[in-house]
Amino acid sequence: MTTLDLTPDELLSTTRAVRKRLDFDRPVPRQLIEECIDLATQAPTGRNRQRWHFIVVTDRAKRRVVGDIFRRALTVGTGQPLTADDVWRMNYSPRSTERVFDGLRYLAENIHRVPAIVIPAIEGRTDRASVEIQSGAWGSILPAVWSFMLAARARGLGTTWTSAQGPLERELAAALGIPYDQVMLAAFIPLAYTLGTDFKPAVRVPRAQVLHWERW
């Protein structure tokens, strides 16, 4: 196993959402993906239940099928309405936000070319669950997926968490033989080698905007 020469702080601060710098022409070895999954499953998990699953799609025909679902889902998804604070944060670095949407358009056009698509899932649905149950489920899958993304970055691979599968989750589950009523698809993650490995920390709002001591 060969990894990039990154300190822990560099790894944490430069694991970017990669969209336009994915290498569509270089296959990702199965062994490398399996290494990332092994590290992902070392993450904390609620009550040690380990209900996580990772569906990896590399077959060209299947990538076209799930890529089509991804593109159509983007056109029907709405997400939560933006607040005034959301708009202010999004425009704190206007060029950064512009690059995000430009990158998303590029990714949508080329999603079928991505060498591997990883769909993290977790047993149990939270559609109408209480906050307590939702936080337990998401608190079990999110650390594992972030560990996967960090492991990928350390190996010269790029990822981006997308939730575009949401509106067409049932269709995506059917296409991959996933029991929708029992398993929740948490994300849709493109995976590929990156074009270059020189990623930098992102521009973020000041710490004073997000840090609270003792009370809000």
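Colleague: Let me start with one residue: is Asp-198 buried or exposed?

Modeller: Asp-198 is exposed, with a relative accessible area of 57%. The cut-offs are under 20% for buried, over 50% for exposed, and partly exposed in between, using a 1.4 Å probe and protein chains only. Before going on, note that this is a predicted model: local features need pLDDT of at least 70, side-chain atom pairs count only at pLDDT 80 or more, and totals for chains, interfaces and linings use all residues. Residues are numbered from 1 along each chain as its sequence is written, and side-chain values use heavy atoms, with hydrogens and water left out.

Colleague: Okay. Which residue does Asp-198 meet in a salt bridge?

Modeller: The general idea is that side chains of opposite charge can pair when their charged atoms come close. Here we ask for a side-chain nitrogen of Lys or Arg within 4 Å of a carboxyl oxygen of Asp or Glu. Asp-198 pairs with Arg-21, at 2.8 Å from N to O. Arg-21 is partly exposed, at 27% relative accessibility.

Colleague: And where do the two partners lie?

Modeller: Arg-21 sits in the loop between helix H1 (8–14) and helix H2 (30–40), while Asp-198 is in the segment after strand E5 (189–193), so this salt bridge ties together parts that are 177 residues apart in sequence. Helices (H or I, at least four residues) and strands (E, at least two) are DSSP runs, numbered from the N terminus.

Colleague: How many salt bridges does the structure hold?

Modeller: There are ten. Take Glu-34 and Arg-30: their closest N and O atoms are 2.9 Å apart. Both belong to helix H2, and being four residues apart, they are separated by about one helical turn. Glu-34 is partly exposed at 39%, whereas Arg-30 is exposed at 66%.

Colleague: What about helix H4?

Modeller: Helix H4 (residues 84–90) holds Asp-86 and Arg-89, three residues apart, about one turn of the helix. Their salt bridge has its closest N and O atoms 3.3 Å apart. Asp-86 is partly exposed, at 23%, and Arg-89 is too, with 42%. There's also a network of salt bridges linking Lys-20, Asp-102 and Arg-105.

Colleague: Let's turn to empty space. How many cavities of 30 Å³ or more are there?

Modeller: Rolling a probe the size of a water molecule over the atoms shows where empty space is left. A cavity is a set of points on a 1 Å grid over the protein atoms alone where a 1.4 Å probe fits but cannot get out, and lining residues have an atom within 4 Å of a point. Points are joined across faces, edges and corners, and the volume is the space filled by probe spheres set on them. The count is one cavity of 30 Å³ or more, and the largest cavity has a volume of about 50 Å³.

Colleague: Which elements give two or more residues to its lining?

Modeller: Helix H6 (131–154) and strand E3 (157–159) do. E3 gives the largest share, three residues. The lining includes Thr-14, Met-149, Arg-153, Gly-158 and Phe-199.

Colleague: What can you tell me about Gly-158?

Modeller: Gly-158 is in strand E3 and is buried, with a relative accessible area of 1%. Leaving out residues up to four places away in sequence, Gly-158 touches (heavy atoms within 4.5 Å) Val-18, Leu-22, Pro-190, Leu-191, Ala-192, Tyr-193 and Thr-194. Gly-158 and Leu-4 are 154 residues apart in sequence and 13 Å apart in space, C-alpha to C-alpha.

Methods
On a 1 Å grid over the protein atoms alone, a cavity is a set of points where a 1.4 Å probe fits but cannot get out, and a pocket is an open set with protein on both sides within 12 Å along at least five of seven lines; lining residues have an atom within 4 Å of a point.
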